[in-house]
Amino acid sequence: MAKTIQEVIDLIIAEIPNAPLEDSVDTFKCGDPRQEVSGIVTTFTATLDVLRRAVELGANLIITHEPTFYDHRDNTDWLDDDPVYAAKRTFIEEHRLTIWRFHDYWHMHDPDGIQVGVEKVLGWEQYEHTDNRYIIHIPPTTVGDLIDHLKQKLGTNTMRVIGDMAMPCQRIGMLLGAIGGTNQIKAFHLANLDVALCGETTEWQTAEYIRDAITAGQKKALIILGHATSEEAGMHYLVDWLQPKVPDIKITFIPVGDPIAVV
């Protein structure tokens with residue numbers, strides 16, 4: 001039996017502990033959820049390029065992890081006469097696309113869907129989490145070797161790092177995405193991390209904290225992956241998680257990659 005977009009989203013939310021929330025960014029950003037689903041695209045963020053590829057695939061439901069209109073809650077009042085916003089909105093309306101954000105709920109899934117996807121790509125599923133699901137104990141290595149592994153598995157040539165490349169490490173904090181400098185600093189202290197992997201950071205907060213920690217003689221390092229690089233695998237994993245629930249609907253993951261080039 002054909003499913004509407006709303007029925008697919010209801011299936012997803014039913015799998016999330018303590019959902020639905022009264023206040024969440026996980027809402028429809030545009031489109032008509034009463035439409036029959038013609039295909040689903042999952043992605044880190046619904047860029048205009050992703051939307052064009054979704055149309056080529058015949059998909060009308062885009063499930064995105066991050067905002068579509070450059071604001072955490074996708075408020076658009078401030079974009080009234082912006083030509084980029086206008087072009088994107090026009091394309092969405094012309095092709096009758098529906099975009100739904102899957103951010104809060106995917107992180108609320110037990111275990112965190114984004115982290116599961118990243119750990120699968122890194123080959124870390126079997127490693128121990130012990131006291132906190134966001135802390136993983138990998139076999140002893142060095143910061144330099146860890147970075148080489150991350151580059152190979154995540155398909156990137158560059159990463160930013162603060163710390164000694166020869167420093168031994170094992171206790172890794174999976175601080176993926178952008179949890180804020182205060183939370184990153186608290187994680188280093190309260191969880192006694194050797195290394196934290198983050199998507200992005202506030203440079204005057206966490207970066208300076210790690211610099212001072214090193215000067216004070218502590219063995220700490222921060223690896224900044226890039227926001228998309230740090231979470232994209234979790235939206236790829238969503239295909240495997242969701243497909244058995246809607247076996248008759250084609251689901252395609254479209255990567256976006258890091259928008260920032262290092263020159």
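# Reading helices, pockets and loops

Visitor: Let's start with helix 6. What span should its residues cover at 1.5 Å a residue, and what is the distance between its end C-alpha atoms?

Guide: Helix 6 has 12 residues, which at 1.5 Å a residue should span 16 Å, and its end C-alpha atoms are 16 Å apart, so the two values agree. Please keep in mind as we go that this is a predicted model.

Visitor: Thanks! Which residues of helix 6 are buried?

Guide: A residue counts as buried when its relative accessible area is under 20%. In helix 6 that applies to V143, G144, L146, I147, L150 and L154. Viewed down the axis of helix 6, these buried residues fall within an arc of 160 degrees, so they line one face of the helix.

Visitor: Why do residues three or four places apart point the same way in an α-helix?

Guide: An α-helix has 3.6 residues a turn, so residues with that spacing point the same way. Now look at what comes after helix 6: G155 follows, with a positive phi near 70 degrees.

Visitor: Let me try the approach on helix 3. What are its expected span and its end-to-end distance?

Guide: The 12 residues of helix 3 should span 16 Å at 1.5 Å a residue, and the end C-alpha atoms lie 16 Å apart, in agreement. The buried residues here are Y85, K88, R89, F91 and I92. Their arc around the axis is only 160 degrees, which puts them on the same side of helix 3.

Visitor: What covers those buried residues, and which exposed residues sit on the face turned away from them?

Guide: The cover includes strand 1 (28-30), helix 2 (48-57) and strand 4 (98-101). The face turned away from the buried side of helix 3 carries the exposed residues P83, E93 and E94.

Visitor: And helix 9: how many of its residues are buried?

Guide: In helix 9, 14 of the 16 residues are buried, so the rest of the structure largely encloses this helix. From first C-alpha to last, helix 9 reaches 23 Å, close to the 22 Å expected at 1.5 Å a residue.

Visitor: Now to pockets. What shows where empty space is left?

Guide: The general idea is to roll a probe the size of a water molecule over the atoms. In this model, the largest pocket has a volume of about 950 Å³. Its lining is made of 41 residues, with H227, A228, G257, D258 and P259 lying nearest the centre.

Visitor: Which helices supply at least two residues of that lining, and which gives the largest share?

Guide: Helix 3 (83-94), helix 6 (143-154) and helix 9 (227-242) each supply at least two. The largest share, 6 residues, comes from helix 9. By class, the lining of the largest pocket has 19 nonpolar, 13 polar and 9 charged residues.

Visitor: How much space lies in the second largest pocket, and which residues are nearest its centre?

Guide: The second largest pocket holds about 370 Å³ of space. Of the 21 residues that line the second largest pocket, Y134, M174, L175, L176 and I179 lie nearest its centre. Two or more lining residues come from each of helix 5 (113-122), strand 7 (168-175), helix 7 (181-190) and helix 9. The lining divides into 11 nonpolar, 7 polar and 3 charged residues.

Visitor: What about the backbone in the loops? Where is the cis peptide bond that involves P20?

Guide: That cis bond joins A19 and P20, with omega about 5 degrees, and P20 sits in the loop between helix 1 (5-13) and strand 1. Another cis peptide bond joins D110 and P111, where omega is about 5 degrees. P111 is in the loop between helix 4 (104-108) and helix 5.

Visitor: Phi angles next. What is the value for R96, and is R96 buried or exposed?

Guide: Phi of R96 is near 55 degrees, a positive value in a residue other than glycine. R96 lies in the loop between helix 3 and strand 4, and its relative accessibility of 53% is why R96 counts as exposed. N192 also has a positive phi, near 50 degrees, and is found in the loop between helix 7 and strand 8 (195-198).

Visitor: One last residue: is D26 buried or exposed, and what does D26 touch?

Guide: D26 lies in the loop between helix 1 and strand 1, and with a relative accessible area of 6%, D26 is buried. Leaving aside residues up to four places away in sequence, D26 touches W100, R101, F102, H103, D104 and Y105.

Notes
Residues are numbered from 1 along each chain as its sequence is written. This is a predicted model: local features need pLDDT of at least 70, side-chain atom pairs count only at pLDDT 80 or more; totals for chains, interfaces and linings use all residues. Side-chain values use heavy atoms; hydrogens and water are left out. On a 1 Å grid over the protein atoms alone, a cavity is a set of points where a 1.4 Å probe fits but cannot get out, and a pocket is an open set with protein on both sides within 12 Å along at least five of seven lines; lining residues have an atom within 4 Å of a point. Grid points are joined across faces, edges and corners, and a volume is the space filled by probe spheres set on the points. Helices (H or I, at least four residues) and strands (E, at least two) are DSSP runs, numbered from the N terminus. Ala, Val, Leu, Ile, Met, Phe, Trp, Tyr, Cys and Pro count as nonpolar, Asp, Glu, Lys and Arg as charged, and the others, Gly among them, as polar. The expected span of a helix is 1.5 Å times one less than its number of residues. Buried means under 20% relative accessible area, exposed over 50%, partly exposed in between (1.4 Å probe, protein chains only). The arc is that of the directions from the helix axis to the C-beta atoms. Contact means heavy atoms within 4.5 Å.
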